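Let's take a walk through a protein model together, starting from one residue and working outwards. Have the viewer ready and follow along.

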Amino acid sequence: MLDSTMNDDDMSDHLANPYHRGRLDNATHRISQRNPACGDEVTLELRIEGNSVKEAWHNAKGCGLCKATTSAICQNIEGMLISDVLQLPELWSLHLFGFTISPGRRDCCFLPMQALRALLANHANLPESQSE
C-alpha cells in the first residue's frame, strides 16, 4: 500500500533499517542498474505471483537518498498489482519523503524507479506461461 505521509525521519529509518535489504532466494525477477555519473547502483529482486508483487528485496549502493528511496519503494510495492505499479508516475519517487529534492539529486530517486519499471516491463512482455 502506498504511504504518502513519510518524512525525513522515515528516510533516516530507511537508511538505518533498510526494508528487505539483501538477497531474495526465491526471486522470480532480478535487475541491476547503475548511474555511471555518480556511482549509485540498484539491484532489485522481486517474487511475482500471478499479477502481483509478493516480495520486493533490494541492494542499493551509493548515496543515502538512493538507498532510502530504493528501500521505501520496495516497502510500498509489496502486495500491489503489477499494473498499478506500472501506473505510478516516475515523479512519485521524488515525493516519498515529503520534502523537496533538488534538481541535482533527482537522479538518486529516479534510478530505483527506472530499474523497477524496466524489470516490470520485461515481465509484462513475457509470454503468459513464463511470467507467472
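Glutamate 45 counts as buried because its relative accessibility is 2%, where buried means under 20% relative accessible area, using a 1.4 Å probe and protein chains only. Keep in mind that this is a predicted model, where local features need pLDDT of at least 70 and side-chain atom pairs count only at pLDDT 80 or more, while totals for chains, interfaces and linings use all residues. Residues are numbered from 1 along each chain as its sequence is written, and side-chain values use heavy atoms, with hydrogens and water left out.

So who keeps glutamate 45 company? Setting aside neighbours within four places in sequence, its contacts (heavy atoms within 4.5 Å) include Gly22, Leu24, Ala27 and Trp57. Its side chain also makes a polar contact with the side chain of arginine 23, at 2.9 Å, and another with the side chain of arginine 30, at 2.9 Å. A polar contact here is a pair of N or O atoms within 3.5 Å; within protein, one must be able to donate a hydrogen and the other to accept it, and residues adjacent in sequence count only if both atoms are side-chain atoms.

Now zoom out. Glutamate 45 sits in strand E2, residues 41-49; strands are DSSP runs of at least two residues, numbered from the N terminus. An open sheet of three strands runs in the order E1-E2-E3, with antiparallel pairing, and two strands pair if DSSP finds at least two bridges between them. At the edges are E1 (29-34) and E3 (52-61), each pairing on one side only. E1 and E2 are joined by six bridges, and histidine 29 has leucine 46 as its bridge partner in E2.

Definitions and conventions
Helices (H or I, at least four residues) and strands (E, at least two) are DSSP runs, numbered from the N terminus. Buried means under 20% relative accessible area, exposed over 50%, partly exposed in between (1.4 Å probe, protein chains only).
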